[in-house]
Amino acid sequence: QVQLVESGGGLVQAGGSLRLSCVASVRTFSSYRMGWFRQASGKEREFVAAIRWSGGSTYAADSVKGRFTCSRDDAKNTVYLQMNSLKPEDTAVYYCNAVNNNYVAVFSSWGQGTQVTVSS
């Protein structure tokens with residue numbers, strides 16, 4: 001069973017930065033496109049950003065484009081989300097998962113997520 005463990009969240013002021021980490025206990029991690037999702041209180045989970053295998057190209061949702069960037073370290077089975085210029089509307093629980101070509105989550109199980117709170 002795949003295990004996903006997210007960390008790095010916290011409370012930050014608007015305009016600040018955070019870097020989230022996600023460790024995935026999955027074989028052949030390097031073969032997966034990995035992505036980040038978030039779920040704000042009372043809202044559905046939404047896709048945020050992704051990175052192709054072998055540190056390839058990245059993709060971000062319009063709401064975070066130019067502010068959030070994915071990176072990965074395949075030797076550590078870890079994917080990162082660098083979040084800059086944070087806004088109060090970025091407040092949510094953030095999750096990682098593998099994603100397919102349509103940026104839909106691949107693994108049925110999710111981690112506990114990491115809370116990001118941005119104060120105005």
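User: What does it take for two residues to count as being in contact?

Analyst: Contact means heavy atoms within 4.5 Å. In this predicted model, methionine 83 touches Gly16, Ser17, Leu18, Leu20, Arg67, Phe68, Tyr94 and Val116, leaving aside residues up to four places away in sequence.

User: Thanks! Which residues touch the most other members of the largest nonpolar core?

Analyst: The general idea is that in soluble globular proteins, nonpolar side chains tend to be buried together. Here the largest nonpolar core has 29 residues, and Trp36, Val48, Phe68, Val79, Leu81, Met83 and Tyr94 touch the most other members. Elements giving two or more residues to this core include strand 3 (18–25), strand 8 (78–83) and strand 10 (114–119). Apart from it lies another core, of five residues, including Phe37 and Phe47.

User: How many disulfides does a search of the whole structure find?

Analyst: A disulfide is a covalent bond between the sulfur atoms of two cysteines. The search finds one: cysteine 22 pairs with cysteine 96, with sulfur atoms 1.7 Å apart. That pair links distant parts of the chain, strand 3 and strand 9, 74 residues apart.

User: And why is cysteine 70 not bonded to cysteine 96?

Analyst: The cut-off is sulfur atoms within 2.5 Å. The sulfur of cysteine 70 is too far for a bond, because its closest cysteine sulfur, in cysteine 96, is 9.8 Å away.

User: Is asparagine 97 buried or exposed?

Analyst: Asparagine 97 counts as buried because its relative accessibility is 0%. Asparagine 97 sits in strand 9 (residues 92–98), and its side chain reaches the backbone nitrogen of phenylalanine 107 at 3.0 Å.

Definitions and conventions: Residues are numbered from 1 along each chain as its sequence is written. This is a predicted model: local features need pLDDT of at least 70, side-chain atom pairs count only at pLDDT 80 or more; totals for chains, interfaces and linings use all residues. Side-chain values use heavy atoms; hydrogens and water are left out. Helices (H or I, at least four residues) and strands (E, at least two) are DSSP runs, numbered from the N terminus. Buried means under 20% relative accessible area, exposed over 50%, partly exposed in between (1.4 Å probe, protein chains only). A polar contact is a pair of N or O atoms within 3.5 Å; within protein, one must be able to donate a hydrogen and the other to accept it, and residues adjacent in sequence count only if both atoms are side-chain atoms. A nonpolar core is a set of buried Ala, Val, Leu, Ile, Met, Phe, Trp, Tyr and Cys residues joined through side-chain atoms within 4.5 Å.
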